[in-house]
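Please open the model in your viewer, with a cartoon for the backbone and sticks ready for the side chains. The tour below moves from one selection to the next.

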Amino acid sequence: MDGLLIRSIEEHMPIEMIYLAENQKLSQRKLIVKEINDDYIRAYCLLRKQMRTFKRENILSIMPETRSHKPYLH
């Protein structure tokens, strides 16, 4: 997982994530990762159009974003 997160930072590459929110609901997000540490990632959320913080332990799945090939400049 770390390799994909680092690649998102270095290449400004969007990734897709399935995340278990605090309210126990699943959400699917498209992100561009800006910072990672042991407990959290900070990323620009393309759905909410703002920076968000996600707990790493709540990330259920990440994968390269595959539906669009538009460059993102965030």
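Begin by selecting β2 and β3, which pair in the antiparallel sense over five bridges in what is a predicted model. A hairpin of three residues carries the chain from β2 into β3, and within this pairing Ile-32 has Tyr-44 of β3 as its bridge partner.

Next, add β4 to the selection: β3 and β4 run antiparallel and are joined by six bridges. Four residues lie between these two strands in their hairpin, and Lys-49 in the turn has a positive phi of about 60 degrees. Along the strands, pick out Ile-41, whose bridge partner in β4 is Phe-54.

Stay with Phe-54 and show its surroundings. Phe-54 is buried, because its relative accessible area is 3%, under the 20% cut-off. Leaving aside neighbours within four places in sequence, its contacts include Met-17, Tyr-19, Leu-31, Ile-41 and Ala-43, as well as Arg-29 and Asp-39.

Now display the ring of Tyr-19 beside that of Phe-54, since the structure holds one aromatic pair. The two ring centres are 5.0 Å apart and the planes stand at 80 degrees, so the pair is edge-to-face. It links distant parts of the chain, with Tyr-19 in β1 and Phe-54 in β4, 35 residues apart. Tyr-19 also counts as buried, at 9% relative accessibility.

Finally, widen the view to the largest nonpolar core, which has 14 residues; Ile-15, Met-17, Leu-31, Ile-41 and Phe-54 have the most contacts inside it. The elements giving two or more residues to this core are α1, β1, β2, β3 and β5.

Key: Residues numbered from 1 in each chain as written. Predicted model: local features only at pLDDT ≥ 70, side-chain atom pairs only at ≥ 80, totals over all residues. Heavy atoms only, no water. Core = buried A, V, L, I, M, F, W, Y, C linked by side-chain atoms within 4.5 Å. Buried < 20%, exposed > 50% of the residue type's maximum accessible area, 1.4 Å probe, protein only. Contact = heavy atoms within 4.5 Å. Phe/Tyr/Trp six-rings, centres within 6.5 Å; stacked < 30°, edge-to-face > 60°. Pairing = 2+ DSSP bridges.
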